[in-house]
Amino acid sequence: MGLLASLYAPLQSQFGPLAPLMIIGGLGLALILSVLPFLLTKKEDGFSKLKAQREGRDVSANAKSTENLLRRDEKNDKLKKFASFLEPQDADSFSAAKMRMLQAGYRSKNAVRMFHFAQFTLGLGLLVLGILYTLLLSMKAEVSTQTMILATIGPAGAGYYLPQYWVTRRIQTRQTEITEGFPDALDLMLVCVEAGQSLDQSINRIAKEARAGYPALADEFDIIAQEVKAGKERTSVLKDMAARVNVGDITSFVTTLVQSATFGTSIAEALRMYSAEMRDKRVMKAEEAANKLPTKMTLGTMMFTLPPLLVILIGPSLHGITKMLGSG
C-alpha cells in the first residue's frame, strides 16, 4: 500500500481530481495494446489447407501472368491476417462498405480493410499525441478539465472521422465528374450506334475517348466493357454500374437500356430521345445557375459597394457638420 500511495501521490498532485481517470485510461490502453496482437492473429483453418492440397495450385501457361499478379497482390497485402478485425464480419455490412469504396473509386479487394486500418491508426495515433500534448501542457501550467478532455479526445475523434470525410468527398467529386461528362458520352454513344456500331463497340469507344476529360466516367464504361467481354449479362452489368455510381441520370439511362432490351425496341431511338432529354436538362441547369447568380451577388454588392458609396456621399457632409459644431 505504501508503494501504491507513493506512486499515486505525484499523479494526484499533477492532475488533481482526474488522476484516477488517467490511471484507469492508461491501464485500459495498456491492456488493449497487450491483447490486440493475440486478437489479430488468425490461424489458418486445417480444412482450407487440405482443400488447397487437393485442388492443387498448378495453372496453365496462358494464365501465368494473372497468377503472378495475384501473388504480387497477396504479397503486398500485409493486412490480410488482420481481416477478421479490420473488416465487418456481417455480410450486409461488408457489402455496404465495399459498395461505398466502389463509389469512391477504390476497387481493390482490400479497400475496406485499408479504410478501417486508416481509421484505427489515425484515431489511436492522434489519441496518443493528444495525451502527450496534455502532459506537456500540465507540466508547464495548470490545465482545466475541459481543456484536457478536448486536447485528448478531440484529435482522436478527428483522426477517426478523417478517412470517412475523405471517402465522402471522393464520392461527391466522382459523382460530379460523372454527371458533367455523361451528356457528352451519351451523344458519342448515339453517334456510334447510328453509324452502325454495336452497343458494346460504342461503350469501348466512349471508354477510350472520355479518358482525357472524365477519367471516372471512362473507368465505369471500361468496367462495363470488360465484364461483358468476360461473359456477364449486359443487363446485370448495367445495373451494377448504376449501383456503383449512384447518380440519378445514370440510373435512368440504365433503366432505358434495360427496357429497350426487354421489349425489343430500337436502342438508337431510345438513345436519341434520352440524349435530347439530357441536352434539355443541361440547358435547364445552366439557366438555373444563371438565375441564382444575381441572388448570390447581392451579398457581395452590399458588403463591398454600399459602404464605399455611403462614405463618398455622406462623408463630406459629416465632415462639414463636424467642423461647424467644432467652430461653434
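Select Gln-103 and Ala-243 to begin: a polar atom of the Gln-103 side chain lies 3.3 Å from the backbone oxygen of Ala-243. The model on screen is predicted.

**Stop 1: around Gln-103**

Keep Gln-103 selected and colour by secondary structure; Gln-103 belongs to helix H6. Is this residue, Gln-103, buried or exposed? Its relative accessible area is 13%, under the 20% limit, so Gln-103 counts as buried. Now show what surrounds the residue. Leaving aside residues up to four places away in sequence, Gln-103 touches Ile-171, Arg-174, Ala-243, Arg-244 and Asn-246. Ala-243, the partner from the opening selection, is thus also one of the residues touched by Gln-103.

**Stop 2: H6 against H7**

Extend the selection to the whole of H6, residues 91-103, and add helix H7, residues 111-140. The two axes come within 9 Å of each other, with a crossing angle of roughly 90°. H6 and H7 are therefore roughly perpendicular. To see where the helices meet, pick Phe-94, Ala-97, Lys-98 and Met-101 on the H6 side, and Ala-111, Val-112 and Phe-115 on the H7 side. By residue class, this contact of H6 with H7 has 6 nonpolar residues, 1 charged and no polar.

**Stop 3: Leu-129**

Stay on H7 and move to Leu-129, which is in that helix. Its relative accessibility is 53%, and because the exposed class begins over 50%, Leu-129 counts as exposed. Add Ala-151 and draw a C-alpha to C-alpha distance: Leu-129 and Ala-151 are 9.2 Å apart in space and 22 residues apart in sequence.

**Stop 4: H13 and H14**

Next, select helix H13 (residues 267-304) and helix H14 (residues 306-327). Here the axes come within 3 Å and cross at roughly 30°, which makes H13 roughly parallel to H14. The contact involves Thr-301, Met-302, Met-303 and Phe-304 from H13, together with Leu-306, Pro-307 and Pro-308 from H14. Its residues divide into 6 nonpolar and 1 polar, with no charged residue.

**Stop 5: colour by confidence**

Finish by colouring the chain by pLDDT. The average over the chain is 76, and 73% of the residues score at least 70. Which elements mark the lowest and the highest mean pLDDT? Helix H4 (residues 64-76) has the lowest, 46, and helix H10 (residues 215-229) the highest, 88. Select residues 57-75 as well: pLDDT is below 50 over this stretch, which has 5 contacts in the model beyond near neighbours in sequence. Where pLDDT is low, predicted coordinates should not be read in detail.

Note on methods
Residues numbered from 1 in each chain as written. Predicted model: local features only at pLDDT ≥ 70, side-chain atom pairs only at ≥ 80, totals over all residues. Heavy atoms only, no water. Axes fitted to C-alpha atoms, helices over the stretch in contact; angles between N-to-C directions. Helix = DSSP H or I, 4+ residues; strand = E, 2+ residues; numbered from the N terminus. Parallel < 35°, antiparallel > 145°, perpendicular 65-115°, else oblique. Contact = heavy atoms within 4.5 Å. Nonpolar A, V, L, I, M, F, W, Y, C, P; charged D, E, K, R; others polar. pLDDT = per-residue confidence, 0-100. Buried < 20%, exposed > 50% of the residue type's maximum accessible area, 1.4 Å probe, protein only. Polar contact = N/O pair within 3.5 Å; in protein donor to acceptor, adjacent residues only side chain to side chain.
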